[in-house]
Amino acid sequence: MLKPFHHNNQWHFCLSPACFCFSIMTTLSQTKEIFRRADAVCFDVDSTVIREEGIDELAKFCGVGDAVTEMTRKAMGGSVSFKTALTERLSIIRCSREQVNKLITDHPPQLTAGIKELVDTLHQHNVKVFLISGGFRCIVEHVATQLNIPLHHVYANRLKFYFNGEYAGFDETQPTAESNGKGKVISMLKEKHGFKNVVMIGDGATDLEACPPANAFIGFGGNVIRQQVKERSVWYVTSFGELLKELEKI
Ligand SMILES: [Mg+2]
């Protein structure tokens, strides 16, 4: 029986039980076509839509920047699970509700150049835009508001606070708290809305791993270039202008 499956941007066709496999690369032109025809585009947030890593900024603001930056680096190397890495970093930061609010007021997240124009253009083409982040909902919602993205299109982790505003942990039931969480959100979106062409855009390994179920992945190196992601991306861009140019062909 012929069983096609999509893995690492490649379609594999296996004839079972015979050990006969071949693969067809998703080409650059195919990826661009999926982007032009997308019914939904999902963006990573940290180092993609915004210029910084939200958790590192929060840690700096709370006076534990160095310790947490080192843990973020390790977490990106993939040696610990996403949830463990998040738990460990937050147990050092232990931010209060007041500190988070003050961070957003005093050091609002910096939008990456061109993202506003790109999201506006996608909206004009009736493409649904989602933000899927391993960062924190309170910060990501602020970003969504600036980009006119509805708050129910935001998928991110939720910080929890006690009534007096002290840190009380995070909601461990959110899909974005898990390794492969971004893929789980995309599968859910496809099922819920019936999307046929979903594109994931991001700088990190967790974004690349969300394809599949995403139909195409675009690597973004406008803020930081992660070599492994660059090498494994069929389409890798360093500015959102390159994506805008593609939409002008529609
Ligand atoms: Mg990122």
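1. A starting point is the end of helix H7, which is followed by asparagine 126, a residue whose phi is positive, near 60°. Helices (H or I, at least four residues) and strands (E, at least two) are DSSP runs, numbered from the N terminus. The model is predicted, so that local features need pLDDT of at least 70 and side-chain atom pairs count only at pLDDT 80 or more, while totals for chains, interfaces and linings use all residues. Residues are numbered from 1 along each chain as its sequence is written, and side-chain values use heavy atoms, with hydrogens and water left out.

2. Helix H7 itself spans residues 115-124, and its buried residues (buried means under 20% relative accessible area, exposed over 50%, partly exposed in between, with a 1.4 Å probe and protein chains only) are Ile115, Leu118, Val119, Thr121 and Leu122. These residues lie on the same side of H7 because they cover an arc of only 160° around the axis, the arc being that of the directions from the helix axis to the C-beta atoms. They pack against helix H1 (28-36), strand S4 (40-43), helix H2 (45-49), strand S5 (128-136) and helix H12 (240-247), where contact means heavy atoms within 4.5 Å.

3. An open sheet of six strands follows the order S6-S5-S4-S9-S10-S11, and its pairing is parallel; two strands pair if DSSP finds at least two bridges between them. Strand S6 (154-157) and strand S11 (235-237) are the edge strands, each pairing on one side only. On average, neighbouring strands of this sheet are turned by 20° against each other, direction ignored. Axes are lines fitted to C-alpha atoms, for helices over the stretch in contact, and angles run from 0 to 180 degrees between N-to-C directions.

4. Strand S10 deserves a separate look, since five of its five residues are buried and it is therefore largely enclosed by the rest of the structure. In a regular strand the side chains alternate between the two faces of the sheet. In S10, Ala216, Ile218 and Phe220 point one way, whereas Phe217 and Gly219 point the other way. Strand S9 (residues 198-202) runs parallel to S10 (residues 216-220) and is joined to it by four bridges; isoleucine 201 has isoleucine 218 as its bridge partner there, and glycine 202 stands opposite glycine 219. S10 and S11 also pair in the parallel sense, over three bridges, with isoleucine 218 opposite tryptophan 235 in S11.

5. Two helices can be placed against these strands. Helix H9 (residues 181-193) lies across S4, S5, S6 and S9, and runs at about 150° to S5. H12 packs on the sheet, where it touches S4, S9, S10 and S11, and its direction makes about 125° with that of S11.

6. Serine 187 is found in H9 and is partly exposed, with a relative accessible area of 33%. Its C-alpha atom is separated by 5.9 Å from that of proline 213, although the two residues are 26 residues apart along the chain.

7. Under "active site", an unreviewed UniProt entry lists Asp44 and Asp46; UniProt positions are given in the numbering used here, feature names are shortened, and annotations may be inferred rather than shown by experiment. Aspartate 44 has its place in the loop between S4 and H2 and is buried, with a relative accessible area of 5%. Not counting residues up to four places away in sequence, aspartate 44 touches Val49, Ile132, Lys182, Met200, Ile201, Gly202, Asp203 and Asp207.
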